[in-house]
Number of protein chains: 2
Amino acid sequence: MKSVGIRDVAKLAGVSVTTVSHVLNETPHTRVAEETRNRVREAAQSLGYGPNRVAQALRTRRSGLVGLLSEEIATTPHAGRIILGAQEAARAHGLTLVIVSAERGSSAEAHQADVQALIDRQVDAILYATMYHRKISLPANLHEIPAVLIDATDDDGPFPSVVPDEVGGAVAAVRHLVEAGHRRIAFLNNNDDVPATHGRLAGYRQVLDEHGIAYDEKLVAESISEPAEAYELAKEILARSEPTALFCYNDRMAMGAYRAARELGLKIPEDLSVVGFDNQEIIAANLFPGLTTVALPHYEMGAWALETVLKILAEGNDRSPAPVGPVVLPCPLVLRDSVAPPRP
Amino acid sequence: MKSVGIRDVAKLAGVSVTTVSHVLNETPHTRVAEETRNRVREAAQSLGYGPNRVAQALRTRRSGLVGLLSEEIATTPHAGRIILGAQEAARAHGLTLVIVSAERGSSAEAHQADVQALIDRQVDAILYATMYHRKISLPANLHEIPAVLIDATDDDGPFPSVVPDEVGGAVAAVRHLVEAGHRRIAFLNNNDDVPATHGRLAGYRQVLDEHGIAYDEKLVAESISEPAEAYELAKEILARSEPTALFCYNDRMAMGAYRAARELGLKIPEDLSVVGFDNQEIIAANLFPGLTTVALPHYEMGAWALETVLKILAEGNDRSPAPVGPVVLPCPLVLRDSVAPPRP
């Protein structure tokens, strides 16, 4: 798709670029005949070229404003870390980050108006953040402006994107358990079809392979990734398969597993080691004993996205460059007190 | 303080209002002598009148943009609810909410630049939110624009504000325990000098008074309002004073109390009833048994603030009206499974 420019509008209407600018921006104190005005507006409309694009093309200085469109600000603790990362990077470059909380519902259409609101405010670029790692379809107007995806990938869009290393995080977690001496390691997985589900299982299997431990499907189970469901699942798998360690898809599932272990009379970490994922502080730091887990790089993804749109802008692009595949940021292990060697 | 208007600048510079507008807005294609330009700029500067104010005064339409300056977006789950309440109210009125996450550190100076960034983007009004209820000092430039405070009060500013009913929330919690039959009700309070600390204690005492229960200082203790500290405090007070019920300053303290009760062999709610405060979902809904608690009206405060600035704007004010004292919104009880009658 070739980008439509102000010159195209001027050519089609048979007027100068300046006249197009005056008409579409409704610049005061300029005299343009009504007939000419109509011709310019029709030309712009037929080419899909709006007044904001004109203003943008003609501005000598950028607005210094970067928009962050974020879903689920109200319902997840992850949004805040992305915002903070993007914002501190923006401040370091003298830019202002304005955040729009995306309307509830995740359809591309629902977000079209949110993107438009940012474009209308003449932001230089948009960071488009989802709150868990997944593939999304994007509003069409996101193509009008440099944009970067955070925690998401898009099949065919020309957008740089950044996602967490789900496989690497699981490898770090399970390797930590193996290095403590565990061989019977159960995995409580999520049952959603999202990259984290597949990536964390792949990491789990990779470590077993590395250490010559056979994959035992009786040690792996999945459910909704919440405490109540994980509690039921953990009770079952702990009673049935007697693992010495438990890798949980997330910290909320680990919270349910803690309760199951307690009810079965298993002390953590003496009788059962547990590792979570997400480093959701309010759980991981406040469970007793503190939960060893894997951190998601939300702050770092926010900062990376901001730096990346700056690079695009510095190169003088007014749209995103060709896709290069998602950039994967590491998920580091956070050590607390829930892992010990198995009983001899 | 009288508001400085464009007429004041025109009068001081000895030029027309239109000339002031052209000079300060740098309107293209207007001829004003350099000497006149300088005189206008000096007049505007001496009166503290910036170009954005001119633009704002001359605009026939408002920008349709409302700014929300929020602190601690990254570190508290409360921010999201305020954002959602303000945003859904804004959408209902066809407005766009842009959020700026305030710089870390809570000084008025630190927030001056954040407020200015919003003013420079020509927002119609600013919602200024703190993440726990307290008195604050505000950046001076907040006086330049209609503004409403959320979860905060200001001693001398002319700002409408909205805060939670801390006393009423505690009354609801403790009354619920009394109505279940409890008379020995302990209170684990926070030790910060904030309105919630004093208000929740006042509510606790009010219910005791209502029911002729003597205030027993051995049943009241305070600490940092986090699980680890509350665990220690609860262990002590449960062993020493044998209450049948425990009212906790917040859900995080209740989380610590749950652990203490477990270690002392006390079952919740059979041996000990517990009520929290905040309705921090990830804790309250996922503790076992589910924690009966008191909800903070963050969503409602966000919505109230948006509706209130709209009223100010509808009345044609370009600054906030005279203060009327904070509006207090109710904190309703959220029933789960942590309260039962005391053992006979």
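**A parallel sheet in chain B and the nonpolar core**

In chain B of this predicted model, 4 strands (DSSP runs of E, at least two residues, numbered from the N terminus) form an open sheet in the order β7-β6-β8-β9, with parallel pairing, where two strands pair if DSSP finds at least two bridges between them. The edge strands, β7 (220–223) and β9 (273–275) of chain B, each pair on one side only. Neighbouring strands of the sheet are turned by 20° against each other on average, direction ignored, the axes being lines fitted to C-alpha atoms, for helices over the stretch in contact, with angles from 0 to 180 degrees between N-to-C directions. Helix α8 (residues 195–210) of chain B, a helix being a DSSP run of H or I of at least four residues, packs on this sheet and touches β6 and β8 of chain B; contact requires C-beta atoms, placed from the backbone, within 7 Å. The direction of helix α8 makes about 170° with that of β6(B).

Strand β6 (residues 185–190) of chain B is joined by 4 bridges to the parallel strand β8 (residues 245–248) of chain B, and B:Leu188 stands opposite B:Cys248 in β8(B).

Residues are numbered from 1 along each chain as its sequence is written, and chains are lettered from A and ligands numbered from 1 in the order in which they are written. Local features need pLDDT of at least 70, and side-chain atom pairs count only at pLDDT 80 or more, whereas totals for chains, interfaces and linings use all residues.

Leaving aside neighbours within four places in sequence, B:Leu127 is in contact with several residues, including B:Val66, B:Ala86, B:Ile150 and B:Val309.

Note on methods:
Two residues are in contact if their C-beta atoms, placed from the backbone, lie within 7 Å.
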